[in-house]
Amino acid sequence: MKIKEQLIESYKHHLRCSLGKRPDKASSHDKYQALALAIRDLMVDKWIDTQIAYEELNPKTVYYLSLEYLIGRTLGNSMINLEVFDVAKEAMAELGMELNDVREEEMDAGLGNGGLGRLAACFLDSMATLDLPAFGYGIRYEYGIFKQIIDKGCQIEEPDNWLRKGNPWEIMRLERARTIHFYGNTKPKRNSKKSYQKEWCNTEDVIAMPYDTPIPGYKTENVNTLRLWSARSMYDFNLHKFNEGDYLNANLNALQTENITKVLYPNDNNYEGKELRLKQQYLLVSATLQDIIERFKVRGGVIEKLYEKVTIQLNDTHPALAVPELMRILVDIEDLEWEEAWSIATKVFNYTNHTLMSEALERWPVSLLQKLLPRHMEIVYEINHRFLRIIANKFPGDTEILSRMSLIENGHEDKVRMAYLAIVGSSHTNGVAALHTELLKHGLFVDFYNLYPEKFVNVTNGITPRRWLKKANPELASEITNLIGGDWVKNLDLLKGIEKFKDDKKFQKIVHEIKQNNKKELAEYILEHNGVTINIDSIFDVQVKRLHEYKRQLMNILHAVALYLDIKDNPDAKFVPRTIIFGAKAAPGYYLAKLIIHLINAVADVINNDQEVGDKLKIVFLANYRVSLAEKIIPASDLSEQISLAGTEASGTGNMKFALNGALTVGTMDGANVEIHDAVGADNIFIFGMKVDEVNKLRGEGYRPQDFIDASPRLKRVLELIRSGFFSPGEIDAFKPILETFLYDTYMVAADFEPYYEIQQEISKEFTDIDKWTEKAIVNIANMGMFSSDRSINDYAKKVWDITPCPVIRG
């Protein structure tokens with residue numbers, strides 16, 4: 001049977017037999033579910049064959065541990081990787097449906113907060129595409145990243161119950177459930193002569209229930225697995241209490257247990273929130289290590305040789321408890337000597353750092369760890385004692401370095417430095433951009449680099465071209481394929497082949513027309529959701545990312561006010577039209593970030609309704625930024641705002657997605673912007689502002705923001721306009737806390753504002769020559785090869801994991 005007929009029959013089967021619906025009574029979501037199950041069917045045989053191949057060949061396998069996976073929607077990506085997208089479109093048309101309408105029914109799986117979670121999702125795609133034996137592990141949060149509502153200009157958070165209509169992609173594995181321990185106490189192990197060996201007893205236990213999702217590679221038979229854990233109670237419903245009328249307590253234990261995996265990032269501004277977050281982290285690492293070790297033993301492994309078949313990647317410090325957990329298993333359960341266990345652990349683990357800011361590094365209170373995981377706290381103390389002995393021997397009498405490098409930070413409340421634990425317990429520590437890694441080695445982790453230089457490597461982040469070009473921008477992807485063939489989807493370096501067409505007028509026209517079509521689609525979305533009519537011939541100037549002060553969305557909106565004043569000062573002057581588009585979620589407890597969102601919307605409200613301004617300038621804040629919305633925004637963007645203060649952004653991957661879709665970057669020399677600059681050339685990117693050494697020099701000399709404000713009449717005027725209540729009538733002090741940040745200006749907005757304004761003037765001028773602009777866009781697209789997540793994963797495989805492809809051969 002041909003694939004189209006197979007899909008149609010499978011769709012009809014699932015609509016009737018899986019969902020119990022007649023075609024004429026099926027809802028839009030029923031149709032999506034039926035198609036999703038039909039597509040999943042195409043993966044299942046490959047999925048099973050992949051597991052059989054891994055069992056028989058027993059290759060060294062990477063296990064990727066991440067508390068976040070910002071997956072987005074699965075249907076479109078699966079159809080692309082299975083090479084059935086066009087066939088499915090035809091099949092749906094024969095059934096009287098538009099495929100895109102069906103796809104819109106899928107909920108985003110928002111199991112992450114930002115770049116870290118999206119990176120993890122891209123990496124899963126690449127590991128499968130490259131035929132690497134890999135397994136992803138995470139948490140099945142019932143409520144993902146919150147749904148953002150904008151009410152009177154302010155962010156309101158609503159729960160994102162992404163599972164409320166079911167998830168057709170997952171399969172529960174009841175037989176793989178694991179028992180997880182919390183609380184209790186420790187005592188010396190019976191009949192043991194080892195002082196460091198203990199029994200962990202009187203624990204409170206929960207069940208970790210696994211749900212598996214297939215991860216298909218592109219143009220390959222390999223289908224890997226993402227396993228997400230969900231907390232379940234050990235105890236049944238209490239019928240006795242229920243019959244006595246105590247309805248609440250009848251199910252209280254189950255409710256309390258299931259809260260562990262209820263919400264992504266519970267607010268940890270209070271003790272209960274911190275405890276819940278730590279429970280999430282331990283549930284992930286404990287269930288996962290049990291899973292890994294059982295699989296290793298079933299395949300004939302001897303625990304002393306664990307590192308020969310297992311490598312574990314810790315995506316940031318969130319899973320760093322895996323280090324003491326593996327030591328607990330090896331020492332207390334497997335009865336290994338401490339030194340041998342430590343040698344195994346440090347060969348198995350690898351740690352990716354995602355931040356340059358010391359305040360963002362996880363530190364857990366010792367008192368909380370002692371209460372929740374008493375055995376693990378003992379192990380951390382033992383690790384620290386032995387580690388500090390090494391340091392003391394190497395630097396006799398140097399008490400300062402002992403304090404700096406200790407895994408325990410002493411203070412008003414002693415805390416465990418999770419990043420230090422991850423570094424000491426790992427074989428490799430990697431940064432995620434060339435600049436980031438250098439700053440880690442010579443700044444944040446300089447003591448550890450001096451001690452273990454061989455541990456530190458760089459693996460620049462990347463993005464999957466399957467989702468971020470072929471899926472998100474199908475028209476452009478199709479034209480590129482027409483020009484150079486389709487192999488670029490799996491080998492992004494081949495995009496270099498379009499560079500020779502950069503000044504070809506015919507190709508330029510095609511690229512420009514595709515951009516205009518994408519801008520038109522986004523303009524329609526904005527009109528529908530924001531009620532704002534925008535000029536599609538304007539510069540679509542876009543900053544979409546997590547809202548944080550260091551990302552400097554504030555500088556962007558201050559620049560918008562400066563442009564507004566330029567128009568008001570000289571309304572008849574020529575002005576290159578610009579639409580400034582924001583999308584960002586602020587953490588619920590991050591007051592200043594939420595106030596910046598309020599400011600953006602307040603400025604937008606004034607500017608968008610000023611008739612004198614008209615369509616010369618529009619400000620749009622797109623609510624509830626998420627993966628599926630990013631897929632609409634990025635292909636329509638002309639200008640990509642990557643304007644963090646130099647030395648604060650680890651890498652960024654949004655910058656790569658925009659450039660891959662032909663947006664030009666305006667940015668600082670920060671994160672992966674540096675490598676994008678080197679790849680596309682200085683003439684095809686707009687760089688401004690201080691470099692890292694200049695930032696450090698200014699800070700060392702004593703940064704005084706007011707000096708820069710006084711030297712910039714433009715910035716001073718912008719701040720005074722906000723201070724006057726112009727954007728907050730009736731509430732003159734609404735944005736006073738933002739203005740007060742300029743007393744210290746941690747992220748040096750004042751220092752970089754004038755260079756930012758000047759580069760934006762240059763951008764406006766260059767945009768008027770659309771052929772030249774399009775030529776630069778083509779150069780950007782052509783030079784994105786190194787920013788493929790396939791390249792990143794190949795780097796990990798060779799530099800860090802020491803694993804090789806294991807392609808599945810099907811008869």
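Guide: Two strands count as paired when DSSP finds at least two bridges between them. Strands (E, at least two residues) and helices (H or I, at least four) are themselves DSSP runs, numbered from the N terminus. This is a predicted model, in which local features need pLDDT of at least 70 and side-chain atom pairs count only at pLDDT 80 or more, while totals for chains, interfaces and linings use all residues. Residues are numbered from 1 along each chain as its sequence is written, and side-chain values use heavy atoms, with hydrogens and water left out.

Visitor: In what sense do E16 and strand E17 pair, and over how many bridges?

Guide: E16 pairs with strand E17 (residues 415-417) in the antiparallel sense, over two bridges. Within E17, Val-416 stands opposite Ile-408. Both strands belong to an open antiparallel sheet of three strands, ordered E15-E17-E16. Strand E15 (363-365) and strand E16 (408-409) are the edge strands, each pairing on one side only.

Visitor: Along strand E8, which side chains point to one face and which to the other?

Guide: A residue is buried under 20% relative accessible area, exposed over 50% and partly exposed in between, with a 1.4 Å probe and protein chains only. In strand E8 (residues 178-182), Arg-178, Ile-180 and Phe-182 point to one face and are buried, whereas Thr-179 and His-181 point to the other and are not. E8 also pairs with strand E11 (residues 204-216), antiparallel, over five bridges. Val-206 in E11 is the bridge partner of Ile-180.

Visitor: Where is Ala-419 placed, and with which residues is Ala-419 in contact?

Guide: Contact means heavy atoms within 4.5 Å. Ala-419 sits in helix H17 (residues 418-424) and is buried, at a relative accessible area of 2%. Apart from neighbours within four places in sequence, Ala-419 contacts Thr-317, Tyr-351, Leu-361, Glu-362 and Phe-445. Leu-407 is twelve residues from Ala-419 in sequence, and their C-alpha atoms are 8.6 Å apart.

Visitor: Is Asn-461 buried or exposed?

Guide: Asn-461 is buried, with a relative accessible area of 5%. Asn-461 lies in the loop between strand E19 (456-458) and helix H20 (465-471). With neighbours within four places in sequence set aside, the contacts of Asn-461 include Leu-119, Phe-123, Val-432, Met-656 and Arg-791.

Visitor: Which residues other than glycine have a positive phi?

Guide: Most residues other than glycine have a negative phi. Two with a positive value can be named here: Asn-624, with phi near 60 degrees, and Asp-802, with phi of about 55 degrees. Asn-624 is in the loop between strand E22 (617-621) and helix H25 (627-633) and counts as buried at 13% relative accessibility. Asp-802 belongs to the segment after helix H34 (789-801) and is exposed, with a relative accessible area of 59%.

Visitor: How many helices and strands are in the protein chain?

Guide: The protein chain has 34 helices and 25 strands. Its radius of gyration, taken over C-alpha atoms, is 27 Å, close to the 28 Å that the globule rule (2.2 Å times the number of residues to the power 0.38) gives for 811 residues, so the chain is as compact as a globular protein of that length. Along the principal axes, the C-alpha atoms fill a box of roughly 90 × 75 × 65 Å. Of the 811 residues, 60% are buried. Among contacts between residues at least 6 apart in sequence, 78% join residues at least 24 apart.
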